[in-house]
Amino acid sequence: MEPKWKRSLLELLWPNRCPGCNALIGPDRAVCETCGEKMLLEHDAVCRRCGKVNCICSKKQLSYDRALAACAYADEAVAAIIRMKQSQNTNFAAFTARILAERLRHGIDFGEIDCVMPVPMHPSRERLRGYNQAALIARAVAAELSLPCREDVLYKDKVGRAQHELTAAERANNVDSFQIHDIPLDGQRILLCDDVLTTGSTMSRCAALLKQQGAAAVIAAAAATTVPHKSSPSKTMSST
Ligand SMILES: [Zn+2]
Ligand SMILES: [Zn+2]
């Protein structure tokens, strides 16, 4: 714990704000109490195989084995993801990582995990933003679970068009830009992290690559999963 004077100084210089509503919050908090409650998605609300509220398992061949999500992609969570992408407020990563880690600790369905990986971002985009938000989530989950976070395995070789500009069919093809280094992953059980789970195409493509390298299982963990019948999230912010 930092000395009190240092914390007060930090608060003064960099006031901590809730990523959901932008209200000032204490230095030890990641979100305000109201947003924290509103953003949370019931653990049982999503299918544990595909990670969606409206199960897509029968409609789609998914390469990942299990999925979980901390929040519904709506309202405050949409605002929080926008702030994570545009305003350098990364509190949402810390908040959702804690929830995901807690669920993984108690989820008998998920089994043992050997390492955590983020869905990669193209280096040029990462330079522009300063970070890959999926990596922030992955690192925070890995730290919570005392697991290694590996960012040297998956990569993106083309900037490509942003997934949110594409239709669902185009998204499925657009995932070709994800690639994997020739690193053996024999028998590894991998937790793959991303900010938003929409159609599952991105997670599925990355999981397929991991399995090509010998991974035994891939568990997809998303900070938020898109949900039906909620106030429509800003289209420009949706991911894959
Ligand atoms: Zn708030
Ligand atoms: Zn399902």
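Which residue stands opposite Pro118 in β5? I started the notebook with that and worked outwards from the strand.

**Entry 1: model and confidence**

I am working with a predicted model. I looked up the confidence first: the mean pLDDT of the protein chain is 89, and 89% of the residues reach 70 or more. By element, helix α7 (residues 168-174) has the lowest confidence, with a mean of 71, while strand β2 (residues 115-118) has the highest, at 98. I also noted residues 231-239, where the pLDDT is below 50. Beyond near neighbours in sequence, that stretch has 20 contacts in the model. Where pLDDT is low, predicted coordinates are not to be read in detail. I left the contacts of that stretch there.

**Entry 2: the chain as a whole**

I counted 8 helices and 6 strands in the protein chain. Their order along the sequence is α-α-β-α-α-β-α-α-β-α-β-β-α-β. The chain has 240 residues, and 50% of them count as buried. For the accessible surface I noted about 11500 Å², with 51% belonging to carbon and sulfur atoms. I then took the contacts between residues at least 6 apart in sequence: 75% of these join residues at least 24 apart.

**Entry 3: strand β2**

Back to the opening item. The residue opposite Pro118 is Cys193 in β5. I checked the pairing around it: β2 and strand β5 (residues 189-197) run parallel and are joined by 4 bridges. I looked at the side chains of β2 next. Cys115 and Met117 point one way, Val116 and Pro118 point the other way, and all are buried.

I also looked just ahead of the strand, at Gly111, which lies in the loop between α4 (91-106) and β2. Gly111 has a relative accessible area of 39%, so I logged Gly111 as partly exposed. Its C-alpha atom is 9.6 Å from that of Ala217, although the two residues are 106 apart along the chain.

**Entry 4: strand β1**

How many of the 8 residues of strand β1 (residues 66-73) are buried? I found 7, and recorded the strand as mostly covered. β1 pairs with strand β6 (residues 217-226) in the parallel sense, over 7 bridges. Within this pairing I picked out Ala67, which stands opposite Ala220 in β6.

**Entry 5: first zinc ion**

I went through the donors of the zinc ion (ligand 1). They are Cys18 (SG), Cys21 (SG), Cys32 (SG) and Cys35 (SG), at 2.3 Å. The arrangement is tetrahedral because the 4 donor atoms subtend angles of 102 to 114 degrees. I wrote the spacing of the donor residues as C-x2-C-x10-C-x2-C. Two of the donors link distant parts of the chain: Cys21 sits in the loop between α1 (4-13) and α2 (33-39), and Cys35, 14 residues apart from it, sits in helix α2.

Is Cys35 buried or exposed? Its relative accessible area is 3%, under the 20% cut-off, so Cys35 is buried. Cys21 comes out at 39% relative accessibility and therefore counts as partly exposed.

**Entry 6: second zinc ion**

I repeated the look-up for the zinc ion (ligand 2). Its protein donors are Cys47 (SG), Cys50 (SG), Cys55 (SG) and Cys57 (SG), lying 2.3 to 2.4 Å from the ion. The site is tetrahedral, with angles of 98 to 118 degrees among the 4 donor atoms. The spacing along the chain is C-x2-C-x4-C-x1-C. I checked the accessibility of two donors. Cys50 is at 0% relative accessibility and so counts as buried. Cys57 has a relative accessible area of 26%, which makes Cys57 partly exposed.

**Entry 7: two helix residues**

I finished with one residue in α8 and one in α3.

Ser204 is found in helix α8 (residues 201-212). Its relative accessibility is 8%, so Ser204 counts as buried. Which residues does Ser204 touch, not counting those up to four places away in sequence? I listed Gln61, Leu62, Ser63 and Tyr64.

Gln86 belongs to helix α3 (residues 75-86). Its relative accessible area is 55%, over the 50% cut-off, so I marked Gln86 as exposed. From C-alpha to C-alpha, Gln86 and Arg129 are 7.5 Å apart in space, with their positions 43 residues apart in sequence terms.

How values were computed: Residues are numbered from 1 along each chain as its sequence is written. Chains are lettered from A and ligands numbered from 1 in the order in which they are written. This is a predicted model: local features need pLDDT of at least 70, side-chain atom pairs count only at pLDDT 80 or more; totals for chains, interfaces and linings use all residues. Side-chain values use heavy atoms; hydrogens and water are left out. Buried means under 20% relative accessible area, exposed over 50%, partly exposed in between (1.4 Å probe, protein chains only). Contact means heavy atoms within 4.5 Å. Accessible areas come from the Shrake-Rupley method with a 1.4 Å probe; for residues, only the protein chains shown count as cover. Donors are N, O and S atoms within 2.8 Å of the metal (3.2 Å for Na, K and Ca); water is not among the atoms, so sites may look incomplete. Four donors count as tetrahedral if all angles lie between 85 and 135 degrees; four count as square planar and six as octahedral if opposite donors are over 155 degrees apart and all others between 65 and 115; anything else is irregular. pLDDT is the predictor's confidence in each residue, from 0 to 100. Two strands pair if DSSP finds at least two bridges between them.
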